Amino acid sequence: IISLLIIFHSLGIILFHAMSMRIEQTQIELSIRLTLRCSVLIKLGRGVDQDSGKAVQYFQHAADQGHAGAQFNLGCCYELGQGVDHDYGKAVKYYNKAAHQGHTLDH
């Protein structure tokens with residue numbers, strides 16, 4: 001019986017650790033999505049002063065975390081020179097990163 005209790009205790013620790021990691025990952029994903037949504041609002045000036053430069057910073061942060069939508073938006077900024085200097089090379093780079101993750105124009 002003691003061996004069985006030790007096994008159940010060990011399983012409980014493993015499950016708790018797995019659940020904690022999943023919760024942390026969910027928090028990170030939500031933070032990235034929120035960052036992307038805020039950056040779009042800042043870029044468009046919806047409810048806040050429009051600031052393309054600040055929006056690019058937020059897009060960059062989310063893009064660095066691997067968010068395809070942020071990578072696409074960052075590509076748009078580089079292509080159009082919004083908040084950054086025109087840089088077609090960087091635009092293509094971020095468009096490709098987004099496309100490799102399945103991002104399409106209808107997202």
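Colleague: Which residue follows α3, and what is its phi?

Modeller: This is a predicted model in which local features need pLDDT of at least 70, side-chain atom pairs count only at pLDDT 80 or more, and totals for chains, interfaces and linings use all residues. Residues are numbered from 1 along each chain as its sequence is written, and side-chain values use heavy atoms, with hydrogens and water left out. Helices are DSSP runs of H or I with at least four residues, and strands are runs of E with at least two, numbered from the N terminus. After α3 comes G81, with a positive phi near 70°.

Colleague: What is the distance between the end C-alpha atoms of helix α3, and why is it expected?

Modeller: The expected span of a helix is 1.5 Å times one less than its number of residues. Helix α3 covers residues 68–80, so its 13 residues should span 18 Å. The model agrees, as the end C-alpha atoms are 18 Å apart.

Colleague: Is α3 mostly covered or mostly uncovered, and how many of its residues are buried?

Modeller: Buried means under 20% relative accessible area, exposed over 50%, and partly exposed in between, with a 1.4 Å probe and protein chains only. Among the buried residues of α3 are A68, G69, N73 and Y78. The helix is mostly covered, and its buried residues number 10 of 13.

Colleague: Which backbone oxygen does the side chain of N73 reach, and at what distance?

Modeller: N73 lies in helix α3. Contact means heavy atoms within 4.5 Å; beyond its neighbours within four places in sequence, N73 is in contact with L36 and F59. Its side chain also reaches the backbone oxygen of G69, at 2.8 Å.

Colleague: Which helix gives the most to the largest nonpolar core, and how many residues?

Modeller: A nonpolar core is a set of buried Ala, Val, Leu, Ile, Met, Phe, Trp, Tyr and Cys residues joined through side-chain atoms within 4.5 Å. The largest such core has 15 residues, of which F59, L74 and Y78 touch the most other members. At least two residues come from each of α1 (2–44), α2 (52–64), α3 and α4 (88–100). The helix that gives the most is α2, with five residues.

Colleague: How many helices and strands does the chain have?

Modeller: Along the sequence, the pattern is α-α-α-α. Of the 107 residues of the chain, 26% count as buried. The chain has zero strands, and its helices number four.

Technical notes:
Polar contact = N/O pair within 3.5 Å; in protein donor to acceptor, adjacent residues only side chain to side chain.
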